[in-house]
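Subject: Structure for you to look at

Hi,

Here is the structure I promised to pass on. Please open it next to this message; my notes follow below.

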Amino acid sequence: MHEITVATRQHTEFVVIDQQVQRIVEEAGMREGVVHLFVPHTTAGVTINENADPDVVRDMKQILESVVPWRGNYAHAEGNSAAHVKASMMGFSTQVFVRNGRLAFGTWQSIYFCEFDGPRTRKVWAQLIPVAQ
Amino acid sequence: MHEITVATRQHTEFVVIDQQVQRIVEEAGMREGVVHLFVPHTTAGVTINENADPDVVRDMKQILESVVPWRGNYAHAEGNSAAHVKASMMGFSTQVFVRNGRLAFGTWQSIYFCEFDGPRTRKVWAQLIPVAQ
Amino acid sequence: MHEITVATRQHTEFVVIDQQVQRIVEEAGMREGVVHLFVPHTTAGVTINENADPDVVRDMKQILESVVPWRGNYAHAEGNSAAHVKASMMGFSTQVFVRNGRLAFGTWQSIYFCEFDGPRTRKVWAQLIPVAQ
């Protein structure tokens, strides 16, 4: 198992982690296969989305806030229940394929670590499943 | 393929299934790898989240109900369209890593079977992908 | 890696892709294992859901539109920020198990490609991970 560290700086922040994941693939020498990513937290998730116009991520954060408002009539004393729901909506795991030693993305895609209760120092775990070429 | 049975008791219920999944890993003798979980239903899903303060799950259920209300102007005669959407939002599959024969979680995490149209007797399927240590 | 082409015809459309995925499994001769699916776009996703009453999918599309309205005060000039969020909510990847050479579904399940900004010609990538029977 491999581990990435992500230091978030804002309360809600989408951080591109392509390079760190690519480095894991290269260090392991995997040419073809699947990279599984897992977020070992409960108020942060991981998703894929556009990494061209930064307004996309800005809108995504705003839309998620309007769907699941931070302030609400919540029971959880820590006050971050919205972050728990947003993380489950994005998901705690994703997978990316590897082709010829490179992460295989669509044209505009990147992997985003999704911080919903930062800033914090976070981890992402990775597991590599090679397949025969 | 392995199968877990989950008997839900409420209409909307999050059931921790860590122990059943851990047992599958142990019976298969897998030391390192990935456990894939799949829910073979259409009104229940699976997610990861906090298993410390029970108010987190209480809030999650309430927030999801406010985002996707049970009552609405829905076409589906069975009347459970909200459950179909909630299940897709949480997802029908997840994966957990295994390290040294144990499910590898973050400090507060557990796996939750998410019932959105219970009570029912449900299944969760598991597939194990070992990796070389 | 394998590739499926999906030509969508509507702006928001859920397209069943079971047959194309089943064909990939058969052509590869995989009897037991996991099929990973990945959508290499940023305004379309993939989910599992009911394929019995077509009203379920109709309601799902309507509910998602009410949760994340197409029109809003969004910054992204392309105007399709809602599609980006819906795609992340459904997810860009899913997995299905294979048993005895067949996709293993629950009674009512199918795999849906989820178009949120069509019509377009889209791709779905697949990677097969066989397991010993």
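Start with how chains B and A meet. Only 19% of the interface residues of chain B are also interface residues in chain A, so the copies meet through different surfaces. Keep in mind that this is a predicted model. The pairing of chain B with chain C reads alike: only 19% of the interface residues of chain B are also interface residues in chain C, so here too the copies meet through different surfaces.

Now the contact between B and A itself. Chain B puts in 32 residues, and chain A puts in 31. About 2,500 Å² is buried between the two chains. Carbon and sulfur atoms give 63% of that area. On the chain B side, the residues that lose the most area to chain A are Ile63(B), Gln95(B) and Phe97(B). Together they account for 25% of what that side buries.

What about polar and charged pairs? Across this interface, 14 residue pairs are in polar contact, with both partners at pLDDT 80 or more. The count of salt bridges between chain B and chain A is zero.

Which elements of chain B touch chain A? Five are worth finding on screen: strand S3 (33–38), strand S4 (44–50), helix H2 (54–67), helix H3 (81–90) and strand S5 (93–99). Each supplies at least two residues of that side. H2(B) gives the most, with nine residues.

Next, the symmetry. Chain B superposes on chain A by a rotation of 120 degrees, with 0.0 Å of shift along the axis and an RMSD of 0.0 Å. In chain B, the C-alpha nearest that axis belongs to Met89(B), at 3.2 Å. Chain B can also be laid on chain C: a turn of 120 degrees, a shift of 0.0 Å along the axis, RMSD 0.0 Å. Chains B and C are thus related as by a three-fold rotation axis.

Last, helix H1 of chain B, residues 18–28. Which of its residues are buried? They are Asp18(B), Val21(B), Gln22(B), Ile24(B) and Val25(B). Seen down the axis of H1(B), these buried residues fall within an arc of 155 degrees, so they line one face of the helix. The face turned away from the buried side carries two exposed residues, Gln19(B) and Glu27(B). Just after H1(B) comes Gly29(B), with a positive phi of about 70 degrees.

Best wishes

Conventions:
Residues numbered from 1 in each chain as written. Chains lettered and ligands numbered in written order. Predicted model: local features only at pLDDT ≥ 70, side-chain atom pairs only at ≥ 80, totals over all residues. Heavy atoms only, no water. Buried < 20%, exposed > 50% of the residue type's maximum accessible area, 1.4 Å probe, protein only. Helix = DSSP H or I, 4+ residues; strand = E, 2+ residues; numbered from the N terminus. Arc of directions from axis to C-beta. Least-squares fit on C-alpha atoms with pLDDT ≥ 70 in both. Contact = heavy atoms within 4.5 Å. Buried area = accessible area lost by both parts, 1.4 Å probe. Salt bridge = Lys/Arg side-chain N within 4 Å of Asp/Glu carboxyl O. Polar contact = N/O pair within 3.5 Å; in protein donor to acceptor, adjacent residues only side chain to side chain.
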